[in-house]
Amino acid sequence: MSEAQDPRANRSDEPSAPSPDPAVLAELEEMRSSIDNIDAALVHMLAERFKCTKRVGRLKATHDLPPADPDREARQIERLRSLAVEADLDPAFAEKFLNFIISEVIRHHEAFRG
Ligand SMILES: O=C(O)C(=O)C[C@]1(C(=O)O)C=C[C@@H](O)C=C1
C-alpha cells in the first residue's frame, strides 16, 4: 500500500504526534521483548506439534485410517475451551485457533495418502 493510500500514514497537513515520554517507550520496548519471546515459544511449540502430527499422518496413511477424527476433535475443542476460560482467554478464539491448526494437519494427512 502506498503512503497516499495508507490511512495510518502521517498527512503532511497534520502536525506530527508529540514524541512519547522515554519511560513510556522503555515500557513499550520491555513488553515487546516479552511478546517476541512468547511468539518464539509459540513457533517452537507449533513445530513440535507438527512433528507429532506428521507421525500420526504417516501411521494413519499406512494403516488406511481416515485423516480426520471428528469425535477426537470435539473432545479437544471441549477441553481447550474450558482451559481457555480458566486462563481468561476467549474460548471462541481458542476454538478457532485449534480448528485452524487441525485443518492444516488434515491437509498434511491427506497429502500422505497421496
Ligand atoms: O489425533 C488424531 O487422530 C490426529 O490426526 C491429530 C489431530 C490434531 O491435530 O490434533 C488432527 C486431525 C484429527 O481430526 C484429530 C486430531
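Two residues are in contact if their C-beta atoms, placed from the backbone, lie within 7 Å. In this predicted model, among contacts between residues at least 6 apart in sequence, 50% join residues at least 24 apart. The protein comprises three helices and zero strands, and its elements run α-α-α from the N terminus on. A ligand is present, and each of the helices 1, 2 and 3 supplies at least two residues of the shell around it.

**Confidence**

- The mean pLDDT of the protein is 91, and 89% of its residues reach 70 or more.
- For the complex, the predictor gives an ipTM of 0.99 and a pTM of 0.84.
- Where pLDDT is low, the predicted coordinates should not be read in detail.

**Overall organisation**

- Of the 114 residues in the protein, buried residues make up 2%.
- The UniProt annotation "domain: Chorismate mutase", taken from an unreviewed entry, covers residues 22–113.
- That span, residues 22–113, is 88% helix and 0% strand, and its end C-alpha atoms lie 57 Å apart.

**Helix 1 and the loop that follows**

- Helix 1 occupies residues 22–62.
- The end C-alpha atoms of helix 1 are 60 Å apart, which agrees with the expectation, because 41 residues at 1.5 Å a residue should span 60 Å.
- Helix 1 is hardly covered, with a count of one buried residue among its 41 residues.
- Just after helix 1 comes D64, which is found in the loop between helix 1 and helix 2.
- The phi of D64 is near 55°, a positive value in a residue other than glycine.
- D64 counts as exposed because it has 7 C-beta neighbours inside 10 Å, and a residue with 12 or fewer is classed in this way.

**Helix 2 and the loop that follows**

- Helix 2 runs over residues 70–86.
- With 17 residues, helix 2 reaches 24 Å from its first C-alpha to its last, close to the 24 Å expected at 1.5 Å a residue.
- Helix 2 is hardly covered: among its 17 residues, the count of buried residues is zero.
- D88 follows helix 2 and lies in the loop between helix 2 and helix 3.
- Although D88 is not a glycine, its phi is positive, at about 65°.
- D88 is exposed, since 6 other C-beta atoms lie within 10 Å.

**Helix 3 and the residue after it**

- Helix 3 covers residues 91–113.
- For the 23 residues of helix 3, a rise of 1.5 Å a residue should give a span of 33 Å; the end C-alpha atoms are 33 Å apart, so the two agree.
- Helix 3 is followed by G114, whose phi is positive, near 80°.

**The shell around the ligand**

- The residues surrounding the ligand are T53, V56, A68, D69, R72, E73, Q76, I102, V105, I106 and H109.
- Helix 3 provides the largest share of this shell, namely four residues.
- By character, the shell divides into five nonpolar, three polar and three charged residues.
- The nonpolar members include V56 and I102, while R72 and E73 are among the charged ones.
- Among the polar members are T53 and Q76.

Terms used: Residues numbered from 1 in each chain as written. Predicted model: local features only at pLDDT ≥ 70, side-chain atom pairs only at ≥ 80, totals over all residues. Near = placed C-beta within 6 Å. Expected span 1.5 Å × (residues − 1). Buried ≥ 20, exposed ≤ 12 C-beta atoms within 10 Å, placed from the backbone. UniProt positions renumbered as here; feature names shortened; annotations may be inferred. pLDDT = per-residue confidence, 0-100.
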